[in-house]
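Welcome to a short set of exercises on reading a protein model. Keep the sequence and the 3D view open, try each task yourself, and then follow the solution step by step.

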Amino acid sequence: MLEKVMDTNMVKIVGQVNSDKELSHEMYGERFYNIEVKVPRLSDSVDLLPVTISERLLINLDLYMGQYVIIKGQLRSYNRYVDSTNRLVLTIFARDLYIPKEEELIENLRKPNEIYLDGYICKKPIYRVTPFGREISDLLVAVNRAYNKSDYIPSIAWGRNARFCDNLIVGDHIKLWGRIQSREYQKRLSTGEVETKRAYEVSISKLEFIENDNNRIEDDVQE
């Protein structure tokens with residue numbers, strides 16, 4: 001059962017260590033650390049992604065800045081109480097981490113950032129068109145995890161996928177493939193100062209709607 005749940009949320013990234021490890025938390029005597037990994041895009045830009053790693057994966061590994069790593073795991077979310085409000089925080093939870101040899105690195109850098117999610121729409125998608133004419137839909141996808149937990153993953157669809165998502169309703173079951181991206185934005189503080197922050201989301205490249213897995217027919221009859 002646990003393996004089946006894990007199959008609904010799978011991530012693989014290939015990139016360079018971009019920060020020193022920092023203690024995140026401790027659970028049942030096991031320490032977990034945070035690092036940042038710089039993952040290249042097909043363009044010249046990069047994504048700076050947060051990763052949480054168990055100390056058990058770091059045994060006999062001496063990570064250093066600029067070192068290439070391959071990480072497999074899940075994209076997880078949790079709530080952090082900041083400035084009197086709950087903030088959704090995302091991190092890649094590593095289940096496997098290793099340092100690739102040169103040939104393996106070259107092969108994996110062809111697809112350095114991959115994610116697959118199998119989940120449910122938990123908020124009505126927001127469809128919009130940018131001033132440049134790009135169609136975009138913002139989604140929040142709930143993905144079940146073991147022990148009756150769920151991860152809530154902000155995702156973004158483009159073009160015809162965005163138009164399709166505009167018709168989705170809360171509770172619809174979808175599968176999606178894409179990559180995890182980071183983006184910076186400006187936030188004006190109560191002091192009037194402007195602070196640069198970073199957000200993370202899944203950029204969807206392929207989406208599949210699972211039919212007959214919501215109560216759409218019943219809702220239509222009731223209406």
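Which kind of link do the side chains of Glu135 and Arg163 form?

**Exercise 1. Work out how Glu135 and Arg163 are joined, and what their pairing ties together.**

Solution.
- Step 1: Remember that this is a predicted model.
- Step 2: Look at the gap between the two side chains: N to O, the distance is 2.4 Å. The cut-off for a salt bridge is 4 Å, and Glu135 and Arg163 do meet in one.
- Step 3: Place each partner. Glu135 belongs to strand β8 (residues 135-145), while Arg163 sits in helix α3 (residues 159-165), so the salt bridge ties together parts that are 28 residues apart in sequence.
- Step 4: Check the surroundings of Arg163. Its relative accessibility is 42%, so Arg163 counts as partly exposed.
- A general idea to take along: side chains of opposite charge can pair when their charged atoms come close.

**Exercise 2. Trace the network of salt bridges that contains Arg198.**

Solution.
- Step 1: Start with Glu36. Arg198 forms a salt bridge with Glu36, and their closest N and O atoms are 2.8 Å apart. This pair links distant parts of the chain: Arg198 is in strand β11 (residues 194-210) and Glu36 in strand β3 (residues 30-40), 162 residues apart.
- Step 2: Move on to Glu184. Its side chain meets that of Arg198 in a salt bridge with an N to O distance of 3.7 Å. Glu184 lies in strand β10 (residues 173-188) and Arg198 in strand β11, so here the tied parts are 14 residues apart in sequence.
- Step 3: Put the pairs together. Glu36, Glu184 and Arg198 are linked in a network of salt bridges.
- Step 4: Sort the members by accessibility. Glu36 is buried at 18%, Arg198 is partly exposed at 24%, and Glu184 is exposed at 56%.
- Step 5: For the wider view, a search of the whole structure finds 13 salt bridges.

**Exercise 3. Find the residues with the most contacts inside the largest nonpolar core, then list what Ile13 touches.**

Solution.
- Step 1: The largest nonpolar core has 34 residues.
- Step 2: Inside this core, the residues with the most contacts are Ile13, Val51, Ile71, Leu75 and Ile92.
- Step 3: Now take Ile13, setting aside residues up to four places away in sequence. Among the residues that Ile13 touches are Val37, Val39, Leu49, Val51, Val69, Ile70, Ile71 and Ile92. Pro112 and Asn113 also touch Ile13.

**Exercise 4. Describe where Leu109 lies and which residues it contacts.**

Solution.
- Step 1: Leu109 is in the loop between α2 (102-108) and β7 (113-129).
- Step 2: With a relative accessibility of 28%, Leu109 is partly exposed.
- Step 3: Leaving out neighbours within four places in sequence, Leu109 is in contact with Val14, Pro40 and Tyr68.
- Step 4: Compare sequence and space for Leu109 and Leu42: they are 67 residues apart in sequence, with 9.5 Å between their C-alpha atoms.

**Exercise 5. Which phi values do Asn148 and Asn212 have, and where do these residues lie?**

Solution.
- Step 1: Begin with the background: most residues other than glycine have a negative phi.
- Step 2: Asn148 is not a glycine, yet has a positive phi of about 60°. Asn148 lies in the loop between β8 and β9 (149-158) and is exposed, at 82%.
- Step 3: Asn212 also has a positive phi of about 60° without being a glycine. Asn212 is found in the loop between β11 and α4 (216-222), and its 72% relative accessibility makes it exposed.

**Exercise 6. Summarise the whole chain and decide where to read the model with care.**

Solution.
- Step 1: Count the elements: the chain has four helices and eleven strands. Its radius of gyration is 19 Å, close to the 17 Å that the globule rule gives for 223 residues, so the chain is as compact as a globular protein of that length.
- Step 2: Look at burial and contacts. Of the 223 residues, 39% count as buried. Among contacts between residues at least 6 apart in sequence, 61% join residues at least 24 apart.
- Step 3: Check the confidence. The mean pLDDT is 91, and 92% of the residues reach 70 or more. Over residues 218-223, however, the pLDDT is below 50, and this stretch has zero contacts in the model beyond near neighbours in sequence.
- Step 4: Apply the rule: where pLDDT is low, the predicted coordinates should not be read in detail.

Notes:
Residues numbered from 1 in each chain as written. Predicted model: local features only at pLDDT ≥ 70, side-chain atom pairs only at ≥ 80, totals over all residues. Heavy atoms only, no water. Core = buried A, V, L, I, M, F, W, Y, C linked by side-chain atoms within 4.5 Å. Buried < 20%, exposed > 50% of the residue type's maximum accessible area, 1.4 Å probe, protein only. Contact = heavy atoms within 4.5 Å. pLDDT = per-residue confidence, 0-100. Helix = DSSP H or I, 4+ residues; strand = E, 2+ residues; numbered from the N terminus. Rg over C-alpha atoms; globule rule 2.2 N^0.38 Å.
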